[in-house]
Amino acid sequence: MVEINFDQKLTRNVELVLQAFHTKPFEIFDVKMLLEYINKDAPMMSQRTAYRAVERLVEMGRVTCNEIVKGTRKYELAEGNYCTLVCGRCGNRAHLEIKKDLKLYQKIYKDYGFDVRSAAMRIYGKCSYSC
């Protein structure tokens, strides 16, 4: 398990990539999508630099690589308190904020002495919209 280091100093490029994740906290990005977002006004970052910045954020525990689709890695923000509901049929996603006063957090602290700083969950099932 990777420990999230919120206090570590970030380089300019790593900050730009992290800012893209924070702008769209529920978005799942690949490096190409990150580059389109970062370079939308003017080219400022290469693909190699973006990849290194994302990998640095993964090492720090601030971003996770959750999926590899057709050889392309997909990344999402690991910070925050949210749950993503994913439909296994159509891929529809919904996002719920997890409140800090959730009984689950209290139970984790009581049973394990663990103070949750950040949580991200993914629950798979079937949605009622198009399925």
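Let's start with charge: this chain carries 22 positive and 16 negative side chains, and the centres of these two sets lie 4 Å apart. Keep in mind as you look around that the model is a predicted one. The chain is built from four helices and five strands, and the points below go from the whole chain down to one residue, Val-54.

**The overall plan**
- If you walk along the sequence, you meet the elements in the pattern α-α-α-β-β-β-β-α-β.
- The C-alpha atoms fill a box of roughly 45 × 40 × 25 Å, with its sides taken along the principal axes.
- Take the contacts between residues at least 6 apart in sequence: 57% of them join residues at least 24 apart.

**Inside and surface**
- How much of the chain is buried? Of its 131 residues, 32% are buried.
- The chain exposes about 9000 Å², and carbon and sulfur atoms supply 52% of that area.

**Helix 1 and helix 3**
- Helix 1 covers residues 12-23 and helix 3 covers residues 47-60; their axes come within 9 Å and cross at roughly 75°.
- An angle from 65 to 115 degrees counts as roughly perpendicular, so helix 1 and helix 3 are described as roughly perpendicular to each other.
- On the helix 1 side, Asn-13, Val-14, Val-17 and Leu-18 make the contact.
- Their partners on helix 3 are Thr-49, Ala-53, Val-54, Arg-56 and Leu-57.

**Helix 1 and helix 2**
- Helix 2 spans residues 31-38, and its axis comes within 10 Å of the axis of helix 1, with a crossing angle of roughly 95°.
- This pair of helices, too, is therefore roughly perpendicular.
- Where do they touch? Leu-16, Val-17, Ala-20, Phe-21 and Thr-23 in helix 1 meet Leu-34, Tyr-37 and Ile-38 in helix 2.
- You may recognise Val-17, which is listed in the contact with helix 3 and again in the contact with helix 2.

**A closer look at Val-54**
- Val-54 is found in helix 3.
- Is Val-54 buried or exposed? Its relative accessibility is 0%, so Val-54 counts as buried; the cut-off for buried is under 20%.
- Setting aside its neighbours within four places in sequence, Val-54 is in contact with Val-17, Leu-34 and Tyr-75.
- Val-17 belongs to helix 1 and Leu-34 to helix 2, and Val-54 touches both of these residues.
- Val-54 and Asn-13 are 41 residues apart along the chain, and their C-alpha atoms are separated by 9.5 Å.

Key:
Residues are numbered from 1 along each chain as its sequence is written. This is a predicted model: local features need pLDDT of at least 70, side-chain atom pairs count only at pLDDT 80 or more; totals for chains, interfaces and linings use all residues. Side-chain values use heavy atoms; hydrogens and water are left out. Helices (H or I, at least four residues) and strands (E, at least two) are DSSP runs, numbered from the N terminus. Buried means under 20% relative accessible area, exposed over 50%, partly exposed in between (1.4 Å probe, protein chains only). Contact means heavy atoms within 4.5 Å. Accessible areas come from the Shrake-Rupley method with a 1.4 Å probe; for residues, only the protein chains shown count as cover. Lys and Arg count as positive and Asp and Glu as negative; His and the chain ends are not counted. The place of a charge is taken as NZ of Lys, CZ of Arg, CG of Asp or CD of Glu. Axes are lines fitted to C-alpha atoms, for helices over the stretch in contact, and angles run from 0 to 180 degrees between N-to-C directions. Angles under 35 degrees count as roughly parallel, over 145 as roughly antiparallel, 65 to 115 as roughly perpendicular and the rest as oblique.
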